[in-house]
Amino acid sequence: MARWHSERQTLWEVTGEMVKQGLVAGSSGNASLRLPGDGDGGYVLITPSGRPYRYLAPEDMVVIDMDGGPVEGDLLPSSETAMHLELYKARQDVEAIIHTHSLYASVAAVSGLEIPPIVVEMVIRVGGSVRVAEYAFPSTEELAQNAGHALGDRNAVLLRNHGMVGVGRTSWEALDLCQMVERVAQIFVYSSLLGRALTLPSEIIEMEQELYRMQGLRSGTPRET
Ligand SMILES: [Zn+2]
């Protein structure tokens with residue numbers, strides 16, 4: 001019987017929602033969550049590499065340590081494992097990560113355009129604009145570094161010519177964030193097509209960034225914007 005039964009179930013349910021909401025297709029994208037472990041750094045539960053979501057079962061999720069070493073599971077961990085580990089190491093407040101190839105976020109990522117703060121809920125939940133990470137080939141350490149650098153203290157980042165990553169304190173929070181970013185990306189694309197996408201007034205952005213930092217304080221890890 002595999003350990004961490006409820007966490008496996010959660011991650012499996014989240015991947016089902018990712019597919020249902022059109023954030024990923026086939027075996028694209030990946031998801032993980034942080035597990036309490038025996039060692040210093042704890043463990044990570046992550047989706048396996050290259051297996052279509054429709055064939056996934058909770059026990060197929062792979063447990064690795066913070067160096068990517070195998071702990072539990074017969075399948076190989078996600079090809080983007082290095083990026084997940086990099087983000088967990090950089091951000092102690094992050095408990096779950098989701099990487100999607102959702103359409104409108106990918107349109108912005110292919111255009112190399114960060115998504116500016118254009119709607120109210122976005123700044124409180126992302127921390128500001130959704131920046132674009134420098135291009136790096138998928139699955140590389142370089143991609144991991146670039147994603148971590150561009151994410152910084154925010155909760156979402158675009159991967160240039162690739163897709164997006166959302167982080168959260170739970171898998172469901174990360175999923176909701178990915179959905180929201182996809183919706184905001186859609187608004188950004190359409191308003192840009194109309195001729196302009198107005199950003200929020202600067203005082204509203206500052207006020208909401210303050211609320212974002214306070215959420216980080218409540219979780220015990222201050223965010224430095
Ligand atoms: Zn990807």
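Is Ser 129 buried or exposed? In this predicted model, Ser 129 counts as buried because its relative accessibility is 9%, and buried means under 20% relative accessible area. The residue sits in the loop that runs between helix H4 (120-126) and strand S6 (131-133). Its side chain forms a polar contact of 3.2 Å with the side chain of Glu 114. When neighbours within four places in sequence are left aside, Ser 129 is in contact with Glu 114, Ile 115, Pro 116, Pro 117, Met 122 and Arg 154.

Helix H4, on one side of that loop, also contains Glu 121. Glu 121 counts as partly exposed because its relative accessibility is 27%. With residues up to four places away in sequence not counted, Glu 121 touches Met 180 and Arg 183. The side chains of Glu 121 and Arg 183 are joined by a polar contact of 3.0 Å. Met 180 and Arg 183 have numbers that fall within helix H6 (171-194). Another residue in that range, Ser 192, is 71 residues from Glu 121 along the chain, and the two C-alpha atoms are separated by 19 Å.

Helix H6 also takes part in the packing of helix H3. The buried residues of H3 (residues 103-111) are Tyr 104, Ala 105, Ser 106, Ala 108 and Ala 109, and these pack against S7, S8 and helix H6. Just after H3, Gly 112 adopts a positive phi of about 70°.

The zinc site comes next. Which residues supply the protein donors of the zinc ion? They are His 99, His 101 and His 162, each through NE2, and they lie 2.0 to 2.1 Å from the ion. The spacing of these donor residues in sequence is H-x1-H-x60-H. Distant parts of the chain are linked in this way: His 99 belongs to strand S5 (residues 96-100), whereas His 162 lies in the loop between strand S7 (156-159) and strand S8 (163-168), 63 residues apart from it. Both His 99 and His 162 are buried.

The loop that holds His 162 is also the place of Asn 161. Asn 161 is not a glycine, yet its phi is positive, near 55°. Asn 161 is partly exposed, because its relative accessible area is 40%. A positive phi is found again at Ser 139, where the value is about 75° although the residue is not a glycine. Ser 139 lies in the loop between S6 and H5. With a relative accessibility of 36%, Ser 139 counts as partly exposed.

Beyond that loop, the path leads to the packing of H5 with H2. Helix H2 (residues 81-90) and helix H5 (residues 141-151) pack at an angle of about 35°, and their axes are 8 Å apart. The crossing of H2 past H5 is right-handed. On the H2 side the contact is made by Ala 82, Met 83, Glu 86 and Leu 87, and on the H5 side by Glu 141, Leu 143, Ala 144, Gln 145, Ala 147, Gly 148 and Leu 151. Seven of the residues in this contact are nonpolar, two are polar and two are charged.

The remaining part of the tour concerns the N-terminal segment and strand S3. Val 63 is placed in strand S3 (residues 62-65). Val 63 counts as buried because its relative accessibility is 0%. Apart from neighbours within four places in sequence, the contacts of Val 63 are Trp 4, Arg 8, Leu 35, Tyr 43, Val 44, Leu 45, Gly 69, Pro 70, Val 71 and Glu 72. Pro 48 is 15 residues from Val 63 in sequence, and their C-alpha atoms are 9.5 Å apart in space.

Among the contacts of Val 63 are Arg 8, Val 71 and Glu 72, and Arg 3 touches these residues as well, not counting residues up to four places away in sequence. Arg 3 lies in the segment before helix H1 (5-20). Unlike the buried Val 63, Arg 3 counts as partly exposed because its relative accessibility is 42%. Arg 3 and Arg 91 are 88 residues apart in sequence, and from C-alpha to C-alpha they are 25 Å apart in space.

Definitions and conventions. Residues are numbered from 1 along each chain as its sequence is written. This is a predicted model: local features need pLDDT of at least 70, side-chain atom pairs count only at pLDDT 80 or more; totals for chains, interfaces and linings use all residues. Side-chain values use heavy atoms; hydrogens and water are left out. Axes are lines fitted to C-alpha atoms, for helices over the stretch in contact, and angles run from 0 to 180 degrees between N-to-C directions. Helices (H or I, at least four residues) and strands (E, at least two) are DSSP runs, numbered from the N terminus. A crossing is left-handed if the near helix is turned anticlockwise from the far one by less than a right angle, and right-handed if clockwise. Contact means heavy atoms within 4.5 Å. Ala, Val, Leu, Ile, Met, Phe, Trp, Tyr, Cys and Pro count as nonpolar, Asp, Glu, Lys and Arg as charged, and the others, Gly among them, as polar. Buried means under 20% relative accessible area, exposed over 50%, partly exposed in between (1.4 Å probe, protein chains only). A polar contact is a pair of N or O atoms within 3.5 Å; within protein, one must be able to donate a hydrogen and the other to accept it, and residues adjacent in sequence count only if both atoms are side-chain atoms. Donors are N, O and S atoms within 2.8 Å of the metal (3.2 Å for Na, K and Ca); water is not among the atoms, so sites may look incomplete.
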